[in-house]
Amino acid sequence: MATRKPVIGITPSPVEDVQPHGTFVRYAMSANYTEAVEAAGGVPFVIPPQSGNIDDILETIDGLLLSGGADVDPALYGDEYVHERTYGIFPLRDQLELALVREAIAQDVPVLCICRGIQLLNVALGGTLIQDIPDQYPTDIEHSQHKAGIPADQPGHTVTVTPGSLLAETYQATSINVNSFHHQALREVAADLVVNAVAPDETIEAVSRPGSTWVLGVQWHPEMMFRSHSEHLKPFQALVREATARRDKN
Ligand code: MN
């Protein structure tokens, strides 16, 4: 039986880097993600946007983490317009993540999807998104908590957890205090997914895929909270545990 730690593939965000000799794209990974995976006992492994190579990437990793970032191209879920606050569309990242998550699910690789990740997961399986919460789903809950001056490692709202769900199993809780940095959210949930948590305004905050061993999406950022609120290490520990179990089986 293999004794190495499981490798967790994480997708980064493209950022524009303006230099005197030109403007270049960098693929940036917040240290919060890699440190959370390390703290949970996994080996973080960054997967930059690329076309193809999906099978080779999946042979290399034991678990997949779709990170947060800018918005998914609305054309991918059938919207014929781009809302004025929809930003940062980067087709190569969308393409990589759509192909990776679909094939990971086909191969029953465990997947954790964070913020943009839960939205990408939903789109990959046929769901749709609210392009801008303040405009299209007016609510008293502030889902961009920095506008209320709340630090990233502190909770901005609660979520109510669906009893018996994968999220309930993962956090061992009926309610979770979460942070919130999203102007988009799930609208129609993909047929294969089930809601695992909602905010007080019914915004969908977590989903899982019951047909898979372990596929979880959360709208909050546990990687920003696991140091100050240790329960938020649990999704990373569960991902690493499932990645280890799957690797030992194959
Ligand atoms: Mn929220």
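**Exercise 1. The largest pocket of the predicted model**

Task: Into which classes do the residues of the lining of the largest pocket divide, and which elements give two or more residues to the lining?

Solution.
Step 1. The structure is a predicted model. By class, the lining of the largest pocket holds nine nonpolar, nine polar and four charged residues.
Step 2. The volume of this pocket is about 310 Å³.
Step 3. The lining has 22 residues, and those nearest the pocket centre are Ser13, Gly68, Gly69, Ala70 and Arg93.
Step 4. Two or more lining residues come from each of strand 2 (13-19), helix 1 (31-39) and helix 3 (91-106).

**Exercise 2. The second largest pocket**

Task: Which residues lie nearest the centre of the second largest pocket, and how many of its lining residues are nonpolar, polar and charged?

Solution.
Step 1. The second largest pocket contains about 260 Å³ of space.
Step 2. Its lining is made of 17 residues, with Tyr87, Ser144, Phe181, His182 and His183 nearest the centre.
Step 3. Five residues of this lining are nonpolar, seven are polar and five are charged.

**Exercise 3. Strand order and edges of the sheet**

Task: In what order do the nine strands of the open sheet stand, and why is one side of strand 4 and of strand 9 left without a neighbour?

Solution.
Step 1. The order is 4-1-5-6-13-12-11-8-9, with mixed pairing.
Step 2. Strand 4 (43-46) and strand 9 (175-178) are at the edges; each has a single partner strand, so one side of each has no neighbour in the sheet.
Step 3. From one strand to the next, the twist averages 25 degrees.
Step 4. Both senses of pairing can be illustrated. Strand 5 and strand 6 are parallel, with three bridges, and Leu65 has Leu112 in strand 6 as its bridge partner.
Step 5. Strand 8 (residues 157-161) and strand 11 (residues 194-198) are antiparallel, with two bridges; here Val161 is opposite Ala197 of strand 11.

**Exercise 4. A hairpin**

Task: How many residues lie between strand 2 and strand 3 in their hairpin, and how many bridges join these strands?

Solution.
Step 1. Two residues separate strand 2 from strand 3 in the hairpin.
Step 2. The two strands run antiparallel and are joined by seven bridges, strand 3 covering residues 22-28.
Step 3. One of the bridge pairs is Gln19 with Gly22 of strand 3.

**Exercise 5. Strand 6 and the helices across the sheet**

Task: Which residues of strand 6 point one way and which the other, and across which strands do helix 4 and helix 7 lie?

Solution.
Step 1. Side chains in a regular strand alternate between the two faces of the sheet.
Step 2. In strand 6, Val111 and Cys113 point one way, Leu112 and Ile114 point the other way, and all are buried.
Step 3. Helix 4 (residues 116-124) lies across strand 5 (63-66), strand 6 (111-114), strand 12 (204-208) and strand 13 (215-218), at about 115 degrees to strand 6.
Step 4. Helix 7 (residues 234-249) lies across strand 1 (7-11), strand 5 and strand 6, at about 155 degrees to strand 6.

**Exercise 6. Helix 4 and Leu120**

Task: Why is helix 4 described as largely enclosed by the rest of the structure, and which residues does Leu120 touch?

Solution.
Step 1. Buried means under 20% relative accessible area. Nine of the nine residues of helix 4 are buried, so the helix is largely enclosed by the rest of the structure.
Step 2. Among the buried residues are Arg116, Gln119 and Asn122, as well as Leu120 and Leu121.
Step 3. Leu120, a residue of helix 4, has a relative accessible area of 0%.
Step 4. Leaving out residues up to four places away in sequence, Leu120 touches Leu66, Val72, Asp94, Glu97, Leu98 and Val101.
Step 5. Val101 is 19 residues from Leu120 in sequence, and their C-alpha atoms are 8.7 Å apart.
Step 6. After helix 4 comes Gly126, with a positive phi near 105 degrees.

**Exercise 7. Positive phi outside glycine**

Task: Where are Cys115 and Gln172 found, and is each buried or exposed?

Solution.
Step 1. Most residues other than glycine have a negative phi.
Step 2. Cys115, not a glycine, has a positive phi of about 55 degrees. Cys115 is in the loop between strand 6 and helix 4.
Step 3. The relative accessible area of Cys115 is 5%, so Cys115 is buried.
Step 4. Gln172 also is a residue other than glycine with a positive phi, near 50 degrees. Its place is the loop between helix 6 (166-171) and strand 9.
Step 5. Exposed means over 50%; Gln172, at 63% relative accessibility, is therefore exposed.

Conventions:
Residues are numbered from 1 along each chain as its sequence is written. This is a predicted model: local features need pLDDT of at least 70, side-chain atom pairs count only at pLDDT 80 or more; totals for chains, interfaces and linings use all residues. Side-chain values use heavy atoms; hydrogens and water are left out. On a 1 Å grid over the protein atoms alone, a cavity is a set of points where a 1.4 Å probe fits but cannot get out, and a pocket is an open set with protein on both sides within 12 Å along at least five of seven lines; lining residues have an atom within 4 Å of a point. Grid points are joined across faces, edges and corners, and a volume is the space filled by probe spheres set on the points. Helices (H or I, at least four residues) and strands (E, at least two) are DSSP runs, numbered from the N terminus. Ala, Val, Leu, Ile, Met, Phe, Trp, Tyr, Cys and Pro count as nonpolar, Asp, Glu, Lys and Arg as charged, and the others, Gly among them, as polar. Two strands pair if DSSP finds at least two bridges between them. Axes are lines fitted to C-alpha atoms, for helices over the stretch in contact, and angles run from 0 to 180 degrees between N-to-C directions. Contact means heavy atoms within 4.5 Å. Buried means under 20% relative accessible area, exposed over 50%, partly exposed in between (1.4 Å probe, protein chains only).
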